[in-house]
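Open the model in your viewer, keep the selection box ready, and take the tour one stop at a time. At each stop you will get something to select and a short account of what is there.

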Amino acid sequence: MKLIIKDLKKTFDEKEVLKGINFEFEKGKIYGLLGRNGAGKTTFFNCLNEDLSIDEGEFYIDDEYKRKLVAEDIGYVLSIPNVPEFLTGREFLKFFIEINKVRIKDKKTIDDYFDFMKIDIEDRDRLLKDYSHGMKNKMQMLVHIIANPNILLLDEPLTSFDVVVAEEMQDMLKSIKTNHIIIFSTHIMELALNLCDEIVVLNKGVLEKIDTTDCDDKTLKDKIISTLKEQ
């Protein structure tokens, strides 16, 4: 399966943010999306999630045949988690599973899902409003993983975690990547290099894949920074 993007453009007023993106994302890989502040990473995600209309171009899934994306294809994890704070963690998962039961395959118990995301037993029946920012982010990631979309868009998802939890989340993403296209936006270059299979830079409104062939860490970092400075 591939996510294919052709000549994707988006303009705000007279500012052309996305200037004709052409790229192919493949299932089984985690893509690190890097770009300077204001480069358009979130705009790119919002276009793919159809929260924003595009001006020109197209994007579609190629999985033996070409088809348009539907809502169930994408899980979009926002940098600021949005969860129903009047519910407990358990109530939230129960509600989410119930309304999505038709699309959830290999359904597990609620506690199995909590265990998978390493949410402590004593936190499972607390109100979400009492969760830390990082725990709310865990819950947001968990419901998207339960829904099992083809494409996961992760917008700065690990910045709210401490170093131990961030490492756990990286291991979790690596464990599920086989069945997904994962696009991981981050400002932290070391995180992208450690987690991702491919590094992509949003540079001057287009996506540019960084060639990592025969690069040690320093050479690769220098190459990424040089590309970013061109903006």
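Start by selecting Lys-204, in the hairpin of β9 and β10. This is a predicted model, so every stop describes a prediction. The hairpin has 2 residues between its strands, and Lys-204 takes a positive phi near 55°. Now widen the selection to residues 198-203, which form β9, and residues 206-209, which form β10. The two strands run antiparallel and are joined by 4 bridges. For one pairing across the hairpin, click on Val-201: its bridge partner in β10 is Glu-208.

**Just before the hairpin**

Next, select Asp-197 and Lys-177 and show their side chains. They meet in a salt bridge, with N and O 2.9 Å apart. Which parts of the chain does this pair tie together? Asp-197 sits in the loop between α6 (189-195) and β9, while Lys-177 sits in the loop between α5 and β8 (181-185), so the contact links parts that are 20 residues apart in sequence. With a relative accessible area of 35%, Asp-197 is partly exposed.

**A network of charges**

The model has 16 salt bridges in total. For another of them, select Arg-90 and Asp-111, whose closest N and O atoms are 3.3 Å apart. Arg-90 belongs to helix α2 (residues 89-99) and Asp-111 to helix α3, so this pair ties together parts that are 21 residues apart in sequence. Are these two residues buried, partly exposed or exposed? Arg-90 has 25% relative accessibility and counts as partly exposed; Asp-111, at 30%, also counts as partly exposed. Now add Asp-115, Arg-124 and Asp-125 to the selection: together with Arg-90 and Asp-111, they are linked in a network of salt bridges.

**A lysine in α4**

Move on to Lys-136, which lies in helix α4. Is Lys-136 buried or exposed? Its relative accessible area is 14%, and buried means under 20%, so Lys-136 counts as buried. Leaving aside residues up to four places away in sequence, Lys-136 touches Pro-81, Val-83, Glu-85, Leu-128, Lys-129 and Tyr-131.

One of those contacts, Lys-129, makes a good next click. The side chain of Lys-129 meets that of Asp-130 in a salt bridge, 3.3 Å from N to O. Lys-129 is partly exposed at 46% relative accessibility, and Asp-130 is partly exposed at 38%.

**Two pockets**

Finish with the pockets, using a surface view if you like. The largest pocket has a volume of about 370 Å³. Of the 15 residues lining this pocket, select the ones closest to its centre: Lys-105, Lys-108, Ile-145, Asn-148 and Ile-176. Which elements give two or more residues to the lining? They are α3 (110-116), α4 (133-147) and α5 (163-176), and the largest share, 3 residues, comes from α4. By class, the lining divides into 6 nonpolar, 5 polar and 4 charged residues.

The second largest pocket has a volume of about 300 Å³. Of its 13 lining residues, those closest to the centre are Lys-105, Ala-147, Asn-148, Pro-149 and Asn-150. Its lining has 3 nonpolar, 4 polar and 6 charged residues. For a last view, select Lys-105 and Asn-148, which are among the residues closest to the centre of the largest pocket and also among those closest to the centre of the second largest.

Note on methods
Residues are numbered from 1 along each chain as its sequence is written. This is a predicted model: local features need pLDDT of at least 70, side-chain atom pairs count only at pLDDT 80 or more; totals for chains, interfaces and linings use all residues. Side-chain values use heavy atoms; hydrogens and water are left out. Two strands pair if DSSP finds at least two bridges between them. On a 1 Å grid over the protein atoms alone, a cavity is a set of points where a 1.4 Å probe fits but cannot get out, and a pocket is an open set with protein on both sides within 12 Å along at least five of seven lines; lining residues have an atom within 4 Å of a point. Grid points are joined across faces, edges and corners, and a volume is the space filled by probe spheres set on the points. Ala, Val, Leu, Ile, Met, Phe, Trp, Tyr, Cys and Pro count as nonpolar, Asp, Glu, Lys and Arg as charged, and the others, Gly among them, as polar. A salt bridge is a side-chain nitrogen of Lys or Arg within 4 Å of a carboxyl oxygen of Asp or Glu. Buried means under 20% relative accessible area, exposed over 50%, partly exposed in between (1.4 Å probe, protein chains only). Contact means heavy atoms within 4.5 Å.
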